[in-house]
Amino acid sequence: MTMTSPAAPDGVTWTLPAAWYRDPERYEAERRNIFARHWMLFTWSERLRNPGDYVTGTVAGYPVFAIRGEDGQVRAFHNVCRHRGAQLLTKAEGQCGRLVVCPYHSWSYTLDGRLKRSPDFGSAPAFDPEEWGLYRIAAEEWRGLIFLRIAPEGQGLREWLGPIDALAADYPLEQQHWFAEKTRDCAVDWKTYGENYLECYHCRTMHPGLCASLDMSRYSIDVHDEAGVFHLHAPRRDAGLTRGVYFYRFPFLMLNLYDWGSSIATLEPLGAGRLRHINWYFFTDVSPETAEENRRSIEWSAQIVSEDLDIITGVQRNLNAGIYQRGPLSPKHEHAVHAFQDMVRRGMDDPAPRHRAAAE
């Protein structure tokens, strides 16, 4: 059973259709058209200190790895052998020396991805090292963070970050060290999460701790539409725990930067209506003496995420159920949600009108 949204006053902007948050075919199109074309936060530079250090993971549904080369450069590749498709590196992180060796048939590759050996191939002709090298993906570092992009062509990382690069310049990211990670798998679509993040209409109801720290009467979100960047800010209260800058870069990079540390988060979409929320916590001082204080800071931050996930899991359940179709957006509180949804439409090359759309 479905229901039709009621008529609304002229000029109302509507949310995306509920079906967009649950449809597997649309999700596969998002993988190709949105996720693969954007830079994705993958890991941090301290994990790749030396040549041969690697980190594996998944980006836009593709198994990949990043590795430090002998020239000091970070490169990234699909985690697949060119011979018979085996997974080359099976650990979450490690050190492979000077060669990446397939555990299946021992084909081996240099740290820059060229084929080195294809052993015991009999009288077959030699394979060209470049042509038969690993499938490369884009990799760049920014201030101690490593980003990957599946698409072979696109913006450089600093260009993609846009105004974030300058606005975050005086926060000491390079002096901060990884302290902890919190990862959660949730029955929530990546768009549901992003839209919740980009409005504080719900903050007074849902986030008492955040409201005690920040002056929500002066909360605002600056939308840099063409850059895909949202700058979230509110003045710190006198007794608040935090002072910092907050960014959301479409489709799902979240940077909360402070003088003393950072909460850096991303999403790994797992399918239509499912995601993995990944949150890293960095601090300038990670000595044993500050461990308890750092943990308290993490608990404060993680509580806000928990409050959000509790409510939007129910939102996603209703998006899946088929009764709710779409609703009106508040021009006062949800202008950034509107901008986010337009970015989704543009990313999918959807020609539908974006203003004054009739309810479905």
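Which backbone oxygen lies 3.1 Å from a polar atom of the side chain of Lys191? I opened the notebook with that, keeping in mind that this is a predicted model.

**Entry one: Lys191**

I found that the backbone oxygen belongs to Trp20. I then placed Lys191 itself, and it sits in helix H4. Next I asked myself: is Lys191 buried or exposed? Its relative accessibility is 0%, and the limit for buried is under 20%, so Lys191 counts as buried. I also listed the residues that Lys191 touches, leaving aside those up to four places away in sequence: Leu16, Trp20, Tyr21, Glu30, Phe340 and Val344.

**Entry two: helix H1**

Glu30 from that contact list led me to helix H1, which spans residues 24-33. I noted Glu30 as buried there, along with Arg26, Tyr27, Ala29, Arg31 and Asn33. What do the buried residues of H1 pack against? I wrote down two helices, H4 (190-197) and H8 (335-347), and two strands, E4 (62-68) and E17 (261-271).

**Entry three: a sheet**

I turned to an open sheet of 3 strands, whose order is E7-E8-E9 and whose pairing is antiparallel. Strand E7 (99-101) and strand E9 (115-117) are the edges, each pairing on one side only. On average, neighbouring strands here are turned by 35° against each other, direction ignored.

I looked more closely at E7 and strand E8 (residues 108-110): they run antiparallel and are joined by 3 bridges. Which residue in E8 is the bridge partner of Leu99? I found Thr110 in that place. A reminder to myself: strands of a sheet pair through backbone hydrogen bonds.

Methods
Residues are numbered from 1 along each chain as its sequence is written. This is a predicted model: local features need pLDDT of at least 70, side-chain atom pairs count only at pLDDT 80 or more; totals for chains, interfaces and linings use all residues. Side-chain values use heavy atoms; hydrogens and water are left out. Buried means under 20% relative accessible area, exposed over 50%, partly exposed in between (1.4 Å probe, protein chains only). Helices (H or I, at least four residues) and strands (E, at least two) are DSSP runs, numbered from the N terminus. Contact means heavy atoms within 4.5 Å. Two strands pair if DSSP finds at least two bridges between them. Axes are lines fitted to C-alpha atoms, for helices over the stretch in contact, and angles run from 0 to 180 degrees between N-to-C directions. A polar contact is a pair of N or O atoms within 3.5 Å; within protein, one must be able to donate a hydrogen and the other to accept it, and residues adjacent in sequence count only if both atoms are side-chain atoms.
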